[in-house]
Amino acid sequence: MQERVKNTAVDNMGIEFTDVGDDFISARMPVDKRTVQPYGILHGGASVVLAETLGSVATNHCLKKEGTAGVGLEINANHIRSVKSGWVHGTARPLHTGGSTQVWEIRIETEDGKLVCVSRITMAVINL
């Protein structure tokens, strides 16, 4: 997974995949000059990039039908708490994995497990 995102926004923002299981995928992202807003706290858009990355990779990771791909259809995010430094950790878990759409919930937390953002992404499964 990490090799596939080289030279993309994911790579430039320092997002690193950390774990994958039967019903989840996880990654972390640094809170640094690449991901903060002018007030020195994690940019909400950076959280959404992490969430969309996890939802997209998760969808494409579990597609079984050859010649299909998952593409983003809709994403939302609720920003719960600010973060000034360290890493945030995101985990995507499926809510629905159908043949034409998938819905994933992504929780982003601080290193000590405090909720930073909760996001939900709807993915369309398309034929290539």
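**Close-up views of a predicted model**

**View A. Arg 28 sits over the face of Trp 87.** In this predicted model, Arg 28 lies 3.6 Å from the centre of the Trp 87 ring. A charge counts as over a ring if CZ of Arg is within 6 Å of the ring centre and within 35 degrees of the ring normal. Pairs between aromatic rings number zero in the structure.

**View B. The largest pocket has a volume of about 300 Å³.** Its lining comprises 20 residues. Closest to the pocket centre are Ala 58, Cys 62, Leu 63, Thr 97 and Gln 102.

**View C. Strands and a helix share the lining of the largest pocket.** At least two residues each come from strand S1 (16-21), strand S2 (24-30), helix H2 (44-62), strand S4 (87-97) and strand S5 (101-110). H2 gives the most, with three residues. By class, the lining splits into nine nonpolar, seven polar and four charged residues.

**View D. The second largest pocket holds about 240 Å³ of space.** Lining this pocket are Met 1, Arg 4, Val 5, Thr 8 and Val 10, together with Thr 53, Ser 56, Val 57, Asn 60 and His 61. H2 supplies the largest share of this lining, with five residues. Five lining residues of the second largest pocket are polar, four are nonpolar and one is charged.

**View E. Helix H2 lines both pockets.** H2 contributes three residues to the largest pocket and five to the second largest. In each of these two linings, H2 is the top contributor.

Conventions. Residues numbered from 1 in each chain as written. Predicted model: local features only at pLDDT ≥ 70, side-chain atom pairs only at ≥ 80, totals over all residues. Heavy atoms only, no water. 1 Å grid on protein atoms, 1.4 Å probe; cavity = no way out; pocket = protein on both sides within 12 Å on 5 of 7 lines; lining within 4 Å. Points joined across faces, edges and corners; volume = space filled by probe spheres on them. Helix = DSSP H or I, 4+ residues; strand = E, 2+ residues; numbered from the N terminus. Nonpolar A, V, L, I, M, F, W, Y, C, P; charged D, E, K, R; others polar. Phe/Tyr/Trp six-rings, centres within 6.5 Å; stacked < 30°, edge-to-face > 60°.
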